[in-house]
Amino acid sequence: VDQGWAVGQDTILATTDGGAHWTPQLSGQLNLTSVDFINGSDGWAVGTTSLLATTDGGAHWTALAEPCPLLRSVHFVSPTTGYAVAGGTNVSGTGTGTGPAMPASGGQVLTTSDGGHSWYPLATPADAQSVCFSDPQHGWLGANGLLYRTSDGGVRWTVLTSMSGQQHGSGESSYVADMSVECANDGSAWALRIGPGAAMSQEPHVGYHADQAGVTPIFAEQYFQIPGAKPAVQSPGSDAGPFSAIDASSAVFVDWCSACDAGTAPWDIATDSGATLTKEGDVGAITQPQAASFQSVQAGWVAGLESVYAASGPPRSQERIVATTDGGRTWQVQYAGPWTS
């Protein structure tokens, strides 16, 4: 697949040659947080002030009316049927990885059957943070740090994880955990719980594989392991980063190390439905990863920041998209924005 899209706050970028060249399709005060394409033609970009749709691969983008509450992220399963997380608040000082696309609390799930022109509430557990559906019946929800599953289109939701036994740092019992989920094929999903809290440049986070039989934790940050319980495998790094579901059997998890000079981006490949976790070193030319998308365990893209700290003067950062076609042995910078201080 040669087509791809990426969004920055005020730009939609597109490629038709596997990322060798990226071209702005739309720029302006868009305040975008996420983008979702279901094929080479139909896509949506969403942010705190924008809901955009295209039916021609981004050659033309149409502004749709934003519902209330405002959308943060969207996930479509067909050109007409989609789901969104809307509203909610981001709690400062939690030490979690919550970003603008995922609320810490108060989020709602909305659904559309007309391609995003109108949206209606879908009944779910409170404090929705992320949602995806493999098909109109099988869906997954992250809410209040917990993972839920539905097999009847959202009529009933079953909780699959628990916060019991979760260790907290001093004074962190009131912090909010995040649960981010990505659907894969065959009604399966991959998920990442972040938090609650953080301590000593270490962020508690747990990676999961889930299917219709249940959920399995596959790694945890080494200083926040639960004694005597799975998993004992260490997370890729000390701080949670993005992940990418490839299929029901494999996924990529990219962490980062905030205490490593300008930062590093260690990453792991999960295979055998999470039974095997292979450390792959660091993503090249990125010090703080922000998004990842992999087509296979060999080919994928990571977007984020490259920061440079000089002996004198302020640090500089550059937004980048880097790519690998050989499982991370080499990385190529495919897009680089302007340097900022």
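Is arginine 156 buried or exposed? At 58% relative accessibility, arginine 156 counts as exposed. The model in which this residue sits is a predicted one, and the report below moves from the overall fold to single residues and their partners.

**Overall fold**

The protein chain contains zero helices and 27 strands. Its radius of gyration is 19 Å, which agrees with the value near 20 Å that a compact globule of 341 residues would have. Along the principal axes, the C-alpha atoms fill a box of roughly 55 × 50 × 35 Å. Of the 341 residues in the protein chain, 51% are buried. Among contacts with a separation of 6 or more, 42% come from residues 24 or more positions apart.

**An open sheet and the loop before it**

One open sheet is built from four strands in the order E4-E5-E6-E7, with antiparallel pairing. Strand E4 (32-37) and strand E7 (62-63) form its edges, each pairing on one side only. Inside the sheet, strand E5 (residues 43-47) and strand E6 (residues 51-54) are paired in the antiparallel sense over four bridges. In this pairing valine 46 stands opposite leucine 51 in E6.

Leucine 30 is placed in the loop between strand E3 (23-27) and E4. The residue is buried, with a relative accessible area of 10%. Apart from neighbours within four places in sequence, leucine 30 is in contact with Gln9, Asp10, Thr11, Thr49, Ser50 and Leu52. The C-alpha atom of leucine 30 is separated by 21 Å from that of alanine 292, and the two residues are 262 apart along the chain.

**Disulfides**

The structure holds two disulfides. With the bonded cysteines numbered in sequence order, the pairing reads 1-2, 3-4. The two links are set out here.

| Disulfide | S to S distance | Angle about the S-S bond | Handedness |
|---|---|---|---|
| Cysteine 132 – cysteine 183 | 2.1 Å | 95° | right-handed |
| Cysteine 257 – cysteine 260 | 2.0 Å | 75° | right-handed |

What does the link of cysteine 132 and cysteine 183 tie together? Cysteine 132 lies in strand E12 (residues 128-133) and cysteine 183 in strand E16 (residues 178-183), so the pair ties together parts that are 51 residues apart in sequence. Cysteine 132 is buried, with a relative accessible area of 2%, and cysteine 183 also counts as buried, at 18% relative accessibility.

In the other disulfide, cysteine 257 is buried at 13% relative accessible area, whereas cysteine 260 is partly exposed at 29%. A further cysteine, cysteine 68, is exposed, with a relative accessible area of 79%.

**The largest nonpolar core**

In soluble globular proteins, nonpolar side chains tend to be buried together. Here the largest nonpolar core has 13 residues, and those touching the most other members are Val252, Val254, Trp267, Val283, Phe294, Val302 and Trp331. At least two residues of this core come from each of strand E21 (251-254), strand E22 (266-271) and strand E24 (288-294).

Which residues are in contact with phenylalanine 294, leaving aside its neighbours within four places in sequence? They are Ser244, Ile246, Val252, Trp267, Ala299, Gly300, Trp301, Val302, Thr324 and Trp331. Val252, Trp267, Val302 and Trp331 in this list are also among the core residues named above.

**Salt bridges**

How many salt bridges are there? The count comes to two. In one of them, lysine 279 is joined to aspartate 268, with the closest N and O atoms 3.5 Å apart. This pair links distant parts of the chain: lysine 279 is in strand E23 (residues 276-282) and aspartate 268 in strand E22, eleven residues apart. Aspartate 268 counts as buried, at 1% relative accessibility. Strand E22 also supplies at least two residues of the nonpolar core described above.

The other salt bridge returns to the opening residue. The side chains of aspartate 152 and arginine 156 meet at 3.0 Å, N to O. Aspartate 152 is buried, with a relative accessible area of 18%, while arginine 156 is exposed at 58%. A residue counts as buried under 20% relative accessible area and as exposed over 50%, so the two partners of this salt bridge fall into opposite classes.

Notes:
Residues numbered from 1 in each chain as written. Predicted model: local features only at pLDDT ≥ 70, side-chain atom pairs only at ≥ 80, totals over all residues. Heavy atoms only, no water. Pairing = 2+ DSSP bridges. Disulfide = S-S within 2.5 Å. Buried < 20%, exposed > 50% of the residue type's maximum accessible area, 1.4 Å probe, protein only. Core = buried A, V, L, I, M, F, W, Y, C linked by side-chain atoms within 4.5 Å. Contact = heavy atoms within 4.5 Å. Salt bridge = Lys/Arg side-chain N within 4 Å of Asp/Glu carboxyl O. Rg over C-alpha atoms; globule rule 2.2 N^0.38 Å.
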